2 protein chains.
Amino acid sequence: MIRKAAAIATTPAPPNGATLMNVAKAASVSLATASRVFSNPELVRQDTAERVLRAAGELGFRPNLLGAKLRAQRTRIIGVMLPTMENAVFAECWRGIEEAALAQGYSLMLVTSRYDPQRERERIEYLLRHRVDGMVLTVADAARSAVLDQLDAERVPYVLAYNQGPRSGKRYSVSVDNRASARAGVETLIAAGHRRICVVSGAFAASDRARQRHAGYRDAMRAHGLEPLPPLSLPAHTPTQTPAEVERIRQFVTAPSAPTALFCTNDMLAIGVISVLKRLGLSVPGDMSVLGYDGIELGQLLERPLSTVVQPNNEIGARALACLLAQLDSGNAGAGPDQGLTRATLLPHALRAGATVAPPA
Amino acid sequence: MIRKAAAIATTPAPPNGATLMNVAKAASVSLATASRVFSNPELVRQDTAERVLRAAGELGFRPNLLGAKLRAQRTRIIGVMLPTMENAVFAECWRGIEEAALAQGYSLMLVTSRYDPQRERERIEYLLRHRVDGMVLTVADAARSAVLDQLDAERVPYVLAYNQGPRSGKRYSVSVDNRASARAGVETLIAAGHRRICVVSGAFAASDRARQRHAGYRDAMRAHGLEPLPPLSLPAHTPTQTPAEVERIRQFVTAPSAPTALFCTNDMLAIGVISVLKRLGLSVPGDMSVLGYDGIELGQLLERPLSTVVQPNNEIGARALACLLAQLDSGNAGAGPDQGLTRATLLPHALRAGATVAPPA
DNA sequence: CTGAAAGCGCTAACAC
DNA sequence: GTGTTAGCGCTTTCAG
């Protein structure tokens with residue numbers, strides 16, 4: 001008895017007396033019945049349910065998902081890791097993920113990695129401690145990612161977004177065909193009459209997509225008998241208009257045999273580059289054509305709409321989540337046998353003709 | 001015995017045998033000691049701790065935060081509700097929040113409301129069920145928000161971001177002085193020689209900031225003996241360049257006594273408006289000056305850098321979180337007495353001269 | 001259709 | 001310093 005009293009006293013002063021247990025008491029039913037009213041209503045008689053519901057309403061009952069999750073050993077929380085929200089492409093993807101999650105009754109926990117593998121590890125560990133049921137991830141480099149290997153080893157379900165898995169790999173991924181779409185984009189440049197075309201990218205090491213898109217560029221060039229030119233590799237994937245960066249761009253575009261068209265591996269970069277060119281006294285597309293990649297909405301809102309390779313960003317997010325939930329529903333336990341199906345979902349890309357590409361002068 | 005066996009069998013097949021309990025066994029210590037090694041290491045002897053740590057390492061132990069949270073009655077999760085991530089201003093704010101949270105060991109749960117009060121209610125209820133310790137919120141209209149009233153009633157700690165609380169209100173908020181900063185912005189327009197200045201905004205009903213900024217506009221106009229003009233109120237806070245919207249803008253800017261300068265209540269809107277003007281054959285700032293509000297980074301990266309009123313977005317997020325944690329640490333229980341301090345933190349704004357404002361023709 | 005009871009993994013008194 | 005123990009709030013057999 002004393003023990004009991006002590007135990008009660010130590011209880012952190014019920015911040016919320018509205019527990020299921022109290023609801024049950026108020027409705028004169030057992031805890032089990034009260035629980036069922038919320039999780040399996042069909043198992044309880046109409047009027048009993050109503051009584052419980054009324055009691056819940058009066059007490060202002062709000063289910064504590066923590067208890068439920070702990071017991072159920074599944075949280076219905078999905079971890080999402082994206083490089084940054086400040087690049088609209090990921091904000092658009094997030095929207096797709098969030099809508100899909102909402103529709104399916106899942107919650108999300110978002111972390112950003114800033115394209116930093118070290119930080120990727122830490123943030124994912126964090127998600128793991130929260131016992132997320134699975135994750136939607138965009139990593140710097142899927143092919144050599146220690147953290148992905150770890151996730152595989154621990155059998156944590158995840159789906160890559162934007163990172164494109166190999167055609168017959170074991171990893172799930174949702175993306176466009178980076179290489180083919182980049183090639184298609186560059187081909188529009190070639191079709192416009194450009195011969196000297198260069199890639200502008202953030203650090204290739206920090207983005208497998210950038211590398212794949214670069215490969216697509218090479219495909220296009222070679223297919224048309226053109227010599228791939230060395231790329232302009234900038235430090236970041238989002239533009240910083242530091243003097244150093246501006247100077248690098250200046251040197252690049254004013255060299256003796258400067259390119260007549262630039263293929264930027266993402267739209268933000270393209271936007272930044274266009275502005276730098278302008279500042280350098282070059283007109284776009286008069287003196288230099290610029291093609292982006294991503295298809296962010298913003299591109300269409302600009303004074304000079306951005307010509308770009310469009311990815312269905314919302315859909316990439318939504319499909320990635322759907323793919324993850326499908327995994328969760330099915331062979332969650334014990335990883336179903338490989339059905340020989342490709343696990344890399346490729347969504348169609350499109351080309352958006354803006355006003356930043358024209359025939360060379 | 002039978003019971004016991006049954007109970008074990010029903011356990012959802014340990015997806016993770018690496019529990020604290022098992023670590024404790026492996027290290028031949030009690031559960032309590034093992035727990036202390038992680039939460040209060042100073043309470044346990046060096047070598048004991050090492051043994052536990054080693055065992056944990058071998059078993060691949062990862063603390064299950066769910067159990068800890070349930071027991072501790074605090075989750076160390078902060079709920080964040082922002083209107084949308086697709087407006088960079090909120091993406092920048094998120095960054096500030098995330099960095100601050102990371103530094104303090106808090107996790108975040110992000111939801112977006114799309115400027116929709118109904119959705120605000122639902123999403124917040126969601127956060128509440130997850131037992132977040134507190135929230136950082138940007139709501140459509142803080143002054144008449146049912147959900148905020150509810151949060152007050154339930155004594156859920158929260159801090160508003162962007163929504164500006166009244167000088168001596170009871171609510172915590174972190175923002176700039178919307179009215180004063182807007183006034184300062186419009187005054188730069190007046191200083192440039194403009195007399196006919198109009199506000200362009202998304203639906204005022206859906207944003208108290210838009211209304212406050214509009215009030216600042218009126219202040220500026222009146223202070224300079226100018227007649228406030230009727231605003232152009234667009235349906236959304238982010239631009240959609242639908243034919244209908246373009247047409248509305250056209251009528252507005254080609255009317256007999258059309259304005260010579262436009263003050264847009266946010267940067268995204270300004271960017272969209274500039275592009276529409278261009279399409280309508282008007283040059284900015286030649287035929288029309290445009291001033292934005294928000295100071296998103298993107299504004300500086302544009303071909304024609306956006307003139308705008310700058311808010312410290314990262315800092316708004318970081319400070320809002322800090323303010324929330326301060327609340328949590330102190331009078332979490334029982335809402336400390338009103339210290340007469342203003343709970344509305346006002347951060348300094350700035351004016352950024354871009355290239356979209358010039359003297360009227 | 002309803003109830004009793006056994007925990008999910010962890011923390012925090014309290015006792016030793 | 002360390003162990004014992006009683007739950008946090010909920011779900012889910014198993015038994016009526």
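# Questions on a predicted protein–DNA model

Modeller: Chain A holds an open sheet of six strands with parallel pairing, ordered β2-β1-β3-β4-β5-β11. Helices (H or I, at least four residues) and strands (E, at least two) are DSSP runs, numbered from the N terminus, and two strands pair if DSSP finds at least two bridges between them. This is a predicted model, in which local features need pLDDT of at least 70 and side-chain atom pairs count only at pLDDT 80 or more, while totals for chains, interfaces and linings use all residues. Residues are numbered from 1 along each chain as its sequence is written, chains are lettered from A and ligands numbered from 1 in the order in which they are written, and side-chain values use heavy atoms, with hydrogens and water left out.

Colleague: Which strands of chain A stand at the edges of the sheet?

Modeller: An edge strand has a single partner strand, so one side of it is left without a neighbour in the sheet. In chain A this applies to β2 (107–112) and β11 (344–347).

Colleague: Over how many bridges do β1 and β3 of chain A pair?

Modeller: Strands of a sheet pair through backbone hydrogen bonds, either parallel or antiparallel. Ile78(A) stands opposite Gly134(A) in β3(A). Strand β1 (residues 77–82) and strand β3 (residues 134–137) of chain A pair in the parallel sense, and the number of bridges is four.

Colleague: What is the order of the six strands in the open sheet of chain B?

Modeller: The pairing in this sheet is mixed. β7 (232–233) and β12 (350–352) of chain B stand at the edges, each with a single partner strand. The order in chain B is β7-β6-β8-β9-β10-β12.

Colleague: Which residue of β7(B) does Ser201(B) stand opposite?

Modeller: Strand β6 (residues 197–201) of chain B pairs with β7(B) in the parallel sense over two bridges. Ser201(B) stands opposite Ser233(B).

Colleague: What angle does the direction of helix α10 of chain B make with that of β6(B)?

Modeller: Axes are lines fitted to C-alpha atoms, for helices over the stretch in contact (heavy atoms within 4.5 Å). Angles run from 0 to 180 degrees between N-to-C directions. Helix α10 (residues 208–223) packs on the sheet, touching β6, β8 and β9 of chain B. Its direction makes an angle with that of β6(B) of about 180°.

Colleague: Which residues come nearest to DNA strand C?

Modeller: A residue is near a strand if one of its heavy atoms lies within 4 Å of it, and 27 residues are around DNA strand C. The nearest are Thr33(A), Arg36(A), Thr48(A), Leu20(B) and Ser35(B).

Colleague: How far is a phosphate oxygen of DNA strand C from an N or O atom in the side chain of Thr48(A)?

Modeller: A polar contact is a pair of N or O atoms within 3.5 Å; within protein, one must be able to donate a hydrogen and the other to accept it, and residues adjacent in sequence count only if both atoms are side-chain atoms. A backbone N or O atom of Arg71(A) lies 3.0 Å from a base oxygen of DNA strand C. For the Thr48(A) side chain and the phosphate oxygen, the distance is 2.4 Å.

Colleague: Which element gives the most to the surface near DNA strand D?

Modeller: Among the 29 residues around DNA strand D, those that come nearest include Leu20(A) and Ser30(B). A polar backbone atom of Gly67(A) is 2.9 Å from a base nitrogen of DNA strand D. With four residues, the element that gives the most is α3(A).

Colleague: Which residue follows Val284(A) across a cis peptide bond?

Modeller: Most residues other than glycine have a negative phi, and most peptide bonds are trans. In chain A, the bond after Val284(A) is cis, with omega near 5°. It leads into the loop between α12 (267–279) and β9 (289–294) of chain A, and the residue is Pro285(A).

Colleague: Where is Arg155(A) placed?

Modeller: Arg155(A) is not a glycine, yet its phi is positive, about 60°. Its place is in the loop between α8 (146–153) and β4 (158–161) of chain A.
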